[in-house]
Amino acid sequence: MAAPGENLRVNGDRLWDMLMEMAKIGPGVAGGNNRQTLTDADSEGRKLFQTWCEVEGMTIGVDKMGTMFATRAGTDPEALPVYIGSHLDTQPTGGKFDGVLGVLGGLEVVRSMNDLGIKTKHPIVVTNWTNEEGARFAPAMLASGVFAGVHSIDYAYARKDPEGKTFGDELQRIGWVGDEEVGARKMHAYFEYHIEQGPILEAENKQIGVVTHCQGLWWLEFTLTGREAHTGSTPMNMRVNAGLAMARILEMVQEVAMSEQPGAVGGVGQMFFTPNSRNVLPGKVVFTVDIRTPSQEKLDRMRAAIEKRAAEICEGLGVGCSVEAVGHFDPVTFDPTLVGRVRGAAERLGYSHMDVISGAGHDACWAAKVAPATMIMCPCVGGLSHNEAEDISREWASAGCDVLFHAVLETAEIVE
C-alpha cells in the first residue's frame, strides 16, 4: 500500500492547545495533574474528549470497563478498524502528557484527516483505556487487560482502592459503565503514541523513538508479619522486626537486579507500615517489588531469586512472609510490519530516530495479544515522568504525531 506524501503534517499548535486544555481538569499541586481513574476529574476529562470527538463527526462507544472508543468511519464497511489508543487517567502527582498525548494525538490525526479531506478504507478508532495507571486500582492496564482476556471483568470490578472502594462501584458512580461487551471489538492494527518516560531519546538527541519491544514486568506484593512492640523498651535480641526484614529485602532486590545487568531493573516504590507510629515496631509491613526486563529468562530468574531469598531473610528474623503477584505481563515484541512503517515514516519526514525498548508498561502490551501493535515515543525532559514536573516540547509532540499520522494512514489505506 502506498505511503502518504511527506508534505502531510498534523496541526501541532492545535494538538498543544488540546493538551493544555485537558491539563486544566484535575490540576495537581505543583503544575501537573491529579486525574486519577474513576474520579470526578476523570469523568470531566472524558466528557471533554467526547465533545471534541463528536465535533469531528465521530461516534462514541463505551464498553463495560468504561473504555471509550471514538470512531471515524472508513469507506469499506467490512474492513477492521485501525486503533490509536492510550489513557487520560494520571498518577496522583502526574504530568500533563503521560497517556494524554497518545489519546489527543490520535484525535489530532483524525482532525487533520478531516481538514485535508482524507478518506481511508479502514475506520480509525481513537481509544481512551480505563485505569491504565493502576495508581488507584491495581493492577495497571486493567481495562486493556480485560479486553485482551488476561483478566475477568469480575476480577476488575472487585479491585479496591486504598479507601476500600471497588472499581465496579466507582465506575458506576461516575456514570461511565458502557453497554459493549469487553473485547468484542476486533482490530486491524493498534498504535500507541507516548512520551518515553526515560532519558535515552533526549540524551541521544533523537526526535522519535521507534518502539520494538516492551519490558516484561512482575509486581510482587509482600506482606511481612512481625510483632508490634515499643521501640525504646524492647531489647534488640527479642524483636520480631518486620521493618528490618523489609529493609534487607529491599537491599536484596537491588542486588538481584544488578546481577542481571544489562537490561534489568528492580525496586520498591510503595510501602505501608502498621501501625506506622514513631515508637512502635511495625506488626505488619506491606510493599510492592517492581521488576522489569525485556528478557523472559531474566524475568523468571529474578522473580524466583527474590521470592526465595526473601523467605530466607524472613525466616532468619522470625518474621512471617507472604507474596501475591498483583501485576504481570511477559515481554512483548511489537509487530515488525508496523514497526517498519513507524521507522519509514520518521525517515520520510526527516525526523531523527532510534529503536527503543519501552521500560514502562502500556495498553499496547495487552493490545499486542489480540492484534498487530506497536508504539511511537517522543522525548521528555530529563526522562522525568510520573511527576508533576514532567515536560515535553511542542515540537517533540508535533513530530511524534506526524509520524503517527503517516503510519496510521499507511495502515488504514488512503482512498484516492
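The following questions and answers concern a predicted model of one protein chain.

User: How does the radius of gyration of the chain stand against that of a compact globule, and what is its value?
Analyst: The chain has 416 residues, and a compact globule with that number would have a radius of gyration near 22 Å. The C-alpha atoms fill a box of roughly 80 × 45 × 40 Å along the principal axes. The radius of gyration found for the chain agrees with the globule figure, at 23 Å.

User: Among contacts between residues at least 6 apart in sequence, what share joins residues at least 24 apart?
Analyst: The chain has twelve helices and 17 strands, and 55% of its residues count as buried. Among the contacts in question, the share that joins residues at least 24 apart in sequence is 81%.

User: Is strand S12 largely enclosed or not, and how many of its residues are buried?
Analyst: Strand S12 covers residues 284-293 and is largely enclosed by the rest of the structure. Strand S8 (residues 216-225) runs antiparallel to S12 and is joined to it by ten bridges, while strand S10 (residues 265-274), also antiparallel to S12, is joined to it by nine. The description of S12 as largely enclosed follows because, of its ten residues, the number buried is eight.

User: Which residue of S12 is the bridge partner of Gln270?
Analyst: S10, residues 265-274, is joined to S12 by nine bridges, with the two strands antiparallel. On the S8 pairing with S12, Leu217 stands opposite Arg292. For Gln270, the bridge partner in S12 is Thr288.

User: Is Ala325 buried, partly exposed or exposed, and at what relative accessibility?
Analyst: Ala325 belongs to strand S13, residues 320-329. Leaving aside residues up to four places away in sequence, Ala325 touches Trp218, Trp219, Leu220 and Arg303. Buried residues lie under 20% and exposed ones over 50%, so Ala325 counts as partly exposed, with a relative accessibility of 35%.

User: Which helix holds Val339, and what is its relative accessibility?
Analyst: Val339 lies in helix H10, residues 336-349, and it touches Val210, Val211, Thr212, Phe334 and Thr374 when residues up to four places away in sequence are not counted. Ile376 is 37 residues from Val339 in sequence, and their C-alpha atoms are 8.7 Å apart. Val339 in helix H10 counts as buried because its relative accessibility is 5%.

User: Where is the cis peptide bond that leads into Pro139, and what is its omega?
Analyst: Pro139 is placed in the loop between strand S5 (124-128) and helix H4 (142-147). The peptide bond that joins Ala138 to Pro139 is cis, with omega near 5°.

User: Which residue precedes Pro275 in a cis peptide bond?
Analyst: Pro275 lies in the loop between S10 and strand S11 (280-281). The peptide bond leading into Pro275 is cis, with omega near 10°, and it starts from Thr274.

User: Is Met141 buried or exposed, and what is its phi?
Analyst: Met141 is in the loop between S5 and H4, and at 3% relative accessibility it counts as buried. Its phi is positive although Met141 is a residue other than glycine, with a value near 55°.

User: What is the relative accessible area of Leu38?
Analyst: Leu38 is placed in the loop between helix H1 (12-23) and helix H2 (40-55). Its phi is near 65°, a positive value in a residue other than glycine. Leu38 is buried, and its relative accessible area is 0%.

Technical notes: Residues numbered from 1 in each chain as written. Predicted model: local features only at pLDDT ≥ 70, side-chain atom pairs only at ≥ 80, totals over all residues. Heavy atoms only, no water. Helix = DSSP H or I, 4+ residues; strand = E, 2+ residues; numbered from the N terminus. Rg over C-alpha atoms; globule rule 2.2 N^0.38 Å. Buried < 20%, exposed > 50% of the residue type's maximum accessible area, 1.4 Å probe, protein only. Contact = heavy atoms within 4.5 Å. Pairing = 2+ DSSP bridges.
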